[in-house]
Amino acid sequence: MEWLSRFSFHRKMQFSFLVFILLPFIAVTYWSYSSVKQNVSVKLARSNEETLTVIANQIGKTIDSISFASVYFSQSYNPDILESFRHLKDAESFADFETYQSYSRLDTMADLLFMQSADADLKMMIVNKENRMIMGDKSVPVFSALSESFMRESGRLDAKETTSLQWFPSGEKDSAPEYYYAARFIVDPRNREKLATLFIGIPQSYFHGLLDTGNPDIVFSLTDRSGEIIAVKGGSEAGAAGGMLVSKVSIPKTGWVLSSEMPRWLIDNQINREFKVSLSLVGFFFLAFLILSMFWAGYIHKPIRLLRSSVKQYVGGKRDVRIPVKGKDEVAVLSAAFNQMLDDINGLLHQVESEQEEKRLLELQALAAQIRPHFLLNTLNSIKVSLLLSGDEPHGAMLDALMRLLRAYVHIDEPLKLAEECKVLGSYVQVMQIRNRLDIEFTYELGEGTESIQLPRLLLQPIVENAIQHGFSSRPENPAIELRAAIHGPMLEIAIGDNGRGLSEENVSRLIRRVNGTAGEAPSHQDKGVGLVNTARRLQVLYGGQARIQAAARPGGGMIFTLYIPIASGKETDIHDEGNANR
């Protein structure tokens, strides 16, 4: 699926519409077509079977009428009927009145029997032993001889079968006979002598009337036990193309088989017509849905496209670009979050630019401080030597401490180990106590592992300077400053305390707010504690938000300032000092 990554989200949505809608639609349509075709075939087969059953029942009723007539004549115990058959068995004409009476009785009885099946238009004939017709077709004279073709067709009858009907076709024309006869021998119950033969024929028109369903493409056929066609109706030249749907029903009384053959193309054409209409409608709606879905996909993708364009513009430098937020959906929430992210990024960029500007100013100040006043140091060194030679050691020591401070100021841009920074602070305290005529005691205690930690030069001097200028302004008897450093977890903690006059609780809170930059107004150079504020700012620029300064009243009087510096930061790790500040 990696090839999908080459397309846009919009194209992927269009592709998903096609794959997840069109393909299932085609599959469901094909399955529905096959299922409907099978169901229709089954239903048509059942319908044809029901039609065949109705036709078979009708034929069965006609056969029942024929059977009743044959049984009545062949097994009649009416003495008049039997006497008529006995009198007419050898007659060839109306020789006497008794012959006529016998014929009249048979004819009257036959008319009564066949009135119930008049709609079948059956043809009944009774032939005596001499093959003379003693009752039957009114169009043929009584005692007429049977035709040779009929005698030949009826010659297939079994003369020994006297208890059941025998069937044979007569007058074959094309593929179906003109009549299909039922024959039964009439014998004398006294001596089993053959008296006559009863022939009842079913015309082809009767079968055609039953088999005619109005659809010439469906073939209905009736066959006998041996498979020979009795009647057939329907059928066309294209009927065999594509196969046939065959249904069969048997007629138990005769063993005939009634069948129908429907061309499958009839079913397919009907289903295809319906499916063409359905597919046309569904295709129209699907096309409309597809077009609307494309527009809808474009509408959904528009905010995402706008988001991508805005990202490109922002990356290109257009910082004021924003996405218009409309609605409350997921894209609107994403757009609002994106706008907020751009605002945050702009704020961070502004903050980074400000910090970079401050660093640049610090670097310029450091570059300016790198102008090494060798002539000043050499001059001070000459004065120190002269003072020492003249025996003025206090002023010589004062010049020596001042020279160490000047060397530290020259290398202001280079980090310094904490132990060396403490020695520089000692020189600064030495100079300040001579300047202020104070005997200040400066002590420091460095915990394990803190001596070699490198810090920016003169980072701690503003705190010591603040203690001397403000804490010792009341000139205490035994001024003292102590420094303690220890490592607690990832932080270096440096605590600088004094025993000066200290501050009230309100002033301590105000000083904390100023150091943290939350006093509400920017400090001026005339305010007290400017050095502390600058030191806190310097810590944040160099070490980030984790570095901070805390101020608190010292138990027993005075103030204590604690610096928290992350020792994991690598911003001040290299030593670039050319020599020791004490040299």
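The legends below describe close-up views of a predicted model.

**View 1. Surroundings of Ile-55 in helix 1.**
Helix 1 spans residues 9-74 and contains Ile-55. The relative accessible area of Ile-55 is 6%, and because the limit for a buried residue is under 20%, Ile-55 counts as buried. Leaving aside residues up to four places away in sequence, Ile-55 touches Leu-210, Leu-211 and Leu-258. Of these contacts, the one with Leu-210 joins residues 155 apart in sequence; their C-alpha atoms are 6.2 Å apart in space.

**View 2. The hairpin of strand 6 and strand 7.**
Strand 6 covers residues 219-223 and strand 7 covers residues 229-233. The two strands pair in the antiparallel sense, over 4 bridges. Thr-223 has Ile-229, in strand 7, as its bridge partner. Between the strands lie 5 residues, and in this hairpin Gly-227 takes a positive phi near 95°.

**View 3. The largest nonpolar core.**
This core has 49 residues. Those with the most contacts inside the core are Ile-59, Phe-73, Phe-85, Phe-207 and Trp-256. Helix 1 gives the most to the core, contributing 9 residues. In soluble globular proteins, nonpolar side chains tend to be buried together.

**View 4. A second nonpolar core.**
A core of 46 residues is separate from the one in the preceding view. Among its members are Leu-438, Ile-440, Leu-460 and Ile-494.

How values were computed
Residues are numbered from 1 along each chain as its sequence is written. This is a predicted model: local features need pLDDT of at least 70, side-chain atom pairs count only at pLDDT 80 or more; totals for chains, interfaces and linings use all residues. Side-chain values use heavy atoms; hydrogens and water are left out. Buried means under 20% relative accessible area, exposed over 50%, partly exposed in between (1.4 Å probe, protein chains only). Contact means heavy atoms within 4.5 Å. Two strands pair if DSSP finds at least two bridges between them. A nonpolar core is a set of buried Ala, Val, Leu, Ile, Met, Phe, Trp, Tyr and Cys residues joined through side-chain atoms within 4.5 Å.
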